[in-house]
Amino acid sequence: MKKKNMFFGLLIALVLLSSVFSGCVGQKVVPTSTSSSPQTTSTTTETSQTSTTTTETTTQTGTPLILAGISYNTETIDSVNHISLSIKNHGNGKATNVVVIISEDYYSNFDLVSAAPTIAINGNRFYIGDMVGGQTVDLNIYLKAKKSGVYSGAIYYTYDELGSNAKIKDLTTRVP
């Protein structure tokens with residue numbers, strides 16, 4: 001009976017440790033808060049059987065609070081680097097013009113292969129757009145290294161209400 005109780009105690013301890021580390025290892029979350037004026041969002045619903053269009057307008061007031069989680073390759077396979085971001089507005093206000101920025105010292109060593117979902121991209125800037133309170137955007141960026149080496153830089157986000165860049169994480173990738 002003692003071995004059975006010891007086994008269950010060890011099992012519970014392992015589950016607790018794994019749940020703590022699964023959300024923390026390799027990710028850095030940067031909280032930021034700002035003030036915001038009331039925002040208006042519009043929703044349009046169209047039905048395929050009739051030509052009726054319904055428009056609902058709601059006002060979203062409050063403060064946006066963008067947080068981002070990241071995972072990326074620290075060593076590439078076939079020189080392709082995958083950066084996976086989950087960006088969420090935890091606030092109750094709209095964040096306008098949300099942009100993810102990869103530092104030029106890192107990004108200049110890679111060519112863009114693709115980004116999903118399809119968004120506007122200008123150089124090292126990935127334009128997500130507006131995010132209402134509670135909205136999450138999962139962004140996947142694929143980059144191909146121009147040559148072998150070790151490349152370092154950082155990845156940031158910004159939005160109008162923030163007024164500056166907030167660092168998500170320092171990046172270092174080895175390309176064999």
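The questions and answers below go through the fold, the sheets, the core and some single residues of a predicted model.

This is a predicted model, in which local features need pLDDT of at least 70, side-chain atom pairs count only at pLDDT 80 or more, and totals for chains, interfaces and linings use all residues. Residues are numbered from 1 along each chain as its sequence is written, and side-chain values use heavy atoms, with hydrogens and water left out.

Q: How many helices and strands does the protein chain have?
A: Helices (H or I, at least four residues) and strands (E, at least two) are DSSP runs, numbered from the N terminus. From that end, the elements run α-β-β-β-β-β-α-β-β-β-β-β-β. The count is two helices and eleven strands.

Q: In what order do the strands of the five-stranded open sheet stand?
A: Two strands pair if DSSP finds at least two bridges between them. In this sheet the pairing is antiparallel. S7 and S8 (residues 125–131) share three bridges, S5 (residues 95–102) and S10 (residues 149–158) share four, and S10 and S11 (residues 166–175) share nine. The order is S7-S8-S5-S10-S11.

Q: Which strands stand at the edges of the five-stranded sheet S7-S8-S5-S10-S11?
A: An edge strand here has a single partner strand, so one side of it is left without a neighbour in the sheet. The two strands in this position are S7 (120–122) and S11.

Q: Which residue of S11 is the bridge partner of Val150?
A: S10 and S11 run antiparallel and are joined by nine bridges. Elsewhere in the sheet, Val99 stands opposite Thr158 of S10, and Ala120 has Tyr127 of S8 as its bridge partner. For Val150 the partner in S11 is Arg174.

Q: Which strands stand at the edges of the four-stranded open sheet?
A: The order of this sheet is S3-S4-S9-S6, with antiparallel pairing. Each edge strand has a single partner strand, so one side of each is left without a neighbour in the sheet. The edge strands are S3 (66–72) and S6 (110–116).

Q: What is the average twist from one strand to the next in the sheet S3-S4-S9-S6?
A: Axes are lines fitted to C-alpha atoms, for helices over the stretch in contact, and angles run from 0 to 180 degrees between N-to-C directions. Within this four-stranded open sheet, the twist averages 20 degrees.

Q: Which residue of S9 is the bridge partner of Ile87?
A: Strand S4 (residues 80–89) runs antiparallel to S9, and nine bridges join the two. The partner of Ile87 in S9 is Val137.

Q: Which strand gives the most residues to the largest nonpolar core?
A: A nonpolar core is a set of buried Ala, Val, Leu, Ile, Met, Phe, Trp, Tyr and Cys residues joined through side-chain atoms within 4.5 Å. The largest one has 33 residues, and those touching the most other members are Ile83, Leu85, Ile102, Tyr106, Phe126 and Ile155. With five residues, the strand that gives the most is S9 (residues 136–145).

Q: Is Met131 buried or exposed?
A: Buried means under 20% relative accessible area, exposed over 50%, and partly exposed in between (1.4 Å probe, protein chains only). Met131 has its place in strand S8. Its contacts (heavy atoms within 4.5 Å) beyond four places in sequence include Ile66, Ile87, Ala95, Val98 and Val137. With a relative accessible area of 0%, Met131 is buried.

Q: What distance separates the C-alpha atoms of Met131 and Pro64?
A: The two residues are 67 residues apart along the chain. Their C-alpha atoms are separated by 8.6 Å.

Q: Which two residues does the cis peptide bond join?
A: Omega of this bond is about 5 degrees. One of its residues, Pro117, lies in the loop between S6 and S7. The bond joins Ala116 and Pro117.

Q: What is the relative accessible area of Asn97?
A: Asn97 lies in strand S5. Its phi is near 55 degrees, a positive value in a residue other than glycine. Asn97 is partly exposed, and its relative accessible area is 43%.
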